[in-house]
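User: Please take a close look at one small sheet in this model, and then place it within the rest of the chain. I would like a connected account that a structural biologist can follow against the coordinates.

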Amino acid sequence: MKKILSLVASCFFVLLASVAFAQEEAYDAFFFDPEKIYLFDVKIDVQTDGSINITENITLNVKHQQIKRGIYRDIPISFEEQLKPVSLTLDGQKHPFFTEHKGRNLRINFGNDNYINQGRHTYTFTYTYKNAIKSFKNYDELYWNITGNEWNFIIDKARAQVVLPASARVQTEKISLYTGLKGSKDHQARQIDNLIFETTHPLSYREGFTIAVPFDKG
């Protein structure tokens with residue numbers, strides 16, 4: 001009986017030690033890492049009317065340097081009501097936001113006057129965007145800047161999944177990926193699965209990730 005109790009106690013100690021080690025690693029990562037975006041993960045559902053439904057999962061490190069009450073997202077719009085925010089959560093919980101116009105962008109401010117806790121957090125922002133599909137002579141195309149180029153933080157990795165209507169036929173050989181400052185033709189990115197794309201190097205300040213996915217007209 002004593003041997004069994006001793007074994008149980010040893011296992012319990014190992015479990016506690018493992019938990020403590022994991023917590024220490026997480027704390028070290030937060031402590032030594034700068035304020036940055038660890039992962040910018042986006043899903044784009046293309047609708048048959050040419051609009052898109054977008055879900056952005058933004059995981060970041062908050063240290064109350066630039067990020068105190070939250071972050072903001074700038075998205076270009078060409079006319080009123082083109083972009084419609086749907087919801088925002090912070091770590092799975094409903095979170096406040098408000099919008100304002102900044103030149104040709106609609107700025108979505110995440111949060112309110114309250115400070116958010118320091119540490120690792122994930123925002124999930126969903127919205128719809130009308131007339132997102134561009135039409136050309138021989139094909140239609142989803143051309144979308146996944147991250148935007150307005151961030152003052154490093155983005156360790158950006159990833160995008162595109163879901164097209166079942167009838168769409170992708171022109172795979174014409175898919176293009178771009179990374180870097182606005183207008184850059186760098187392509188430090190790759191296709192890792194069927195219409196799933198990711199960067200292969202971190203994005204520095206003001207750098208973004210853009211995809212172009214063409215498909216047969218109609």
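Analyst: Strands S3 and S7 are a good place to begin: S7 covers residues 105-110, and the two run antiparallel to each other, joined by 5 bridges. One position in this pairing can be given by residue, since Pro76 stands opposite Asn105 in S7. The model is a predicted one, and everything that follows should be read as a description of that prediction.

The pairing belongs to an open sheet of 3 strands, ordered S3-S7-S6 and antiparallel in its pairing. The edges are taken by S3 (72-76) and S6 (97-102); each has a single partner strand, and therefore one side of each is left without a neighbour in the sheet. From one strand to the next, the twist averages 25 degrees. As background for reading such a sheet, side chains in a regular strand alternate between the two faces.

Aromatic residues connect this region with another strand. The whole structure contains 7 aromatic pairs, and one of them, Phe125 with Tyr127, is stacked, with the ring centres 4.9 Å apart and 25 degrees between the planes. Both Phe125 and Tyr127 are buried. These two rings also belong to a cluster in which ring pairs link them with Phe97, Phe110 and Tyr123. By residue number, Phe97 falls within S6 (97-102), Phe110 falls within S7 (105-110), and Tyr123, Phe125 and Tyr127 fall within S8 (119-129), so that the cluster brings together residues from two strands of the open sheet and from S8.

After S8 comes a loop that leads to strand S9 (133-135), and Asn131 lies in it. Its backbone deserves a check, as the phi of Asn131 is near 50 degrees, a positive value in a residue other than glycine. Leu195, which is not a glycine either, has a positive phi of about 60 degrees, and this residue lies in the loop between strand S13 (189-193) and S14. Leu195 counts as buried because its relative accessibility is 7%, where the cut-off is under 20%.

S14 in turn leads to a second set of pairings. S14 (residues 196-199) pairs with S11 in the antiparallel sense over 3 bridges, and Ile196 in S14 is the bridge partner of Gln161. S11 (residues 155-163) also pairs with S1 (residues 37-46), here in the parallel sense and over 8 bridges, with Ile37 standing opposite Ile155. The residue range of S1 takes in Tyr38, and over the ring of Tyr38 sits the charged end of Arg120, 4.2 Å from the ring centre. A further arrangement of this kind involves Lys185, which lies over the face of Tyr178 at 4.8 Å from the ring centre.

Taken as a whole, the protein chain has 1 helix and 15 strands, and the open sheet described above uses 3 strands. Of the 218 residues, 39% are buried. Among contacts between residues at least 6 apart in sequence, 72% join residues at least 24 apart. The chain exposes about 13,000 Å², of which carbon and sulfur atoms supply 53%.

Note on methods:
Residues are numbered from 1 along each chain as its sequence is written. This is a predicted model: local features need pLDDT of at least 70, side-chain atom pairs count only at pLDDT 80 or more; totals for chains, interfaces and linings use all residues. Side-chain values use heavy atoms; hydrogens and water are left out. Two strands pair if DSSP finds at least two bridges between them. Helices (H or I, at least four residues) and strands (E, at least two) are DSSP runs, numbered from the N terminus. Axes are lines fitted to C-alpha atoms, for helices over the stretch in contact, and angles run from 0 to 180 degrees between N-to-C directions. Buried means under 20% relative accessible area, exposed over 50%, partly exposed in between (1.4 Å probe, protein chains only). Contact means heavy atoms within 4.5 Å. Accessible areas come from the Shrake-Rupley method with a 1.4 Å probe; for residues, only the protein chains shown count as cover. Rings of Phe, Tyr and Trp (its six-membered ring) pair if their centres lie within 6.5 Å; planes under 30 degrees apart count as stacked, over 60 as edge-to-face and the rest as tilted. A charge sits over a ring if NZ of Lys or CZ of Arg is within 6 Å of the ring centre and within 35 degrees of the ring normal.
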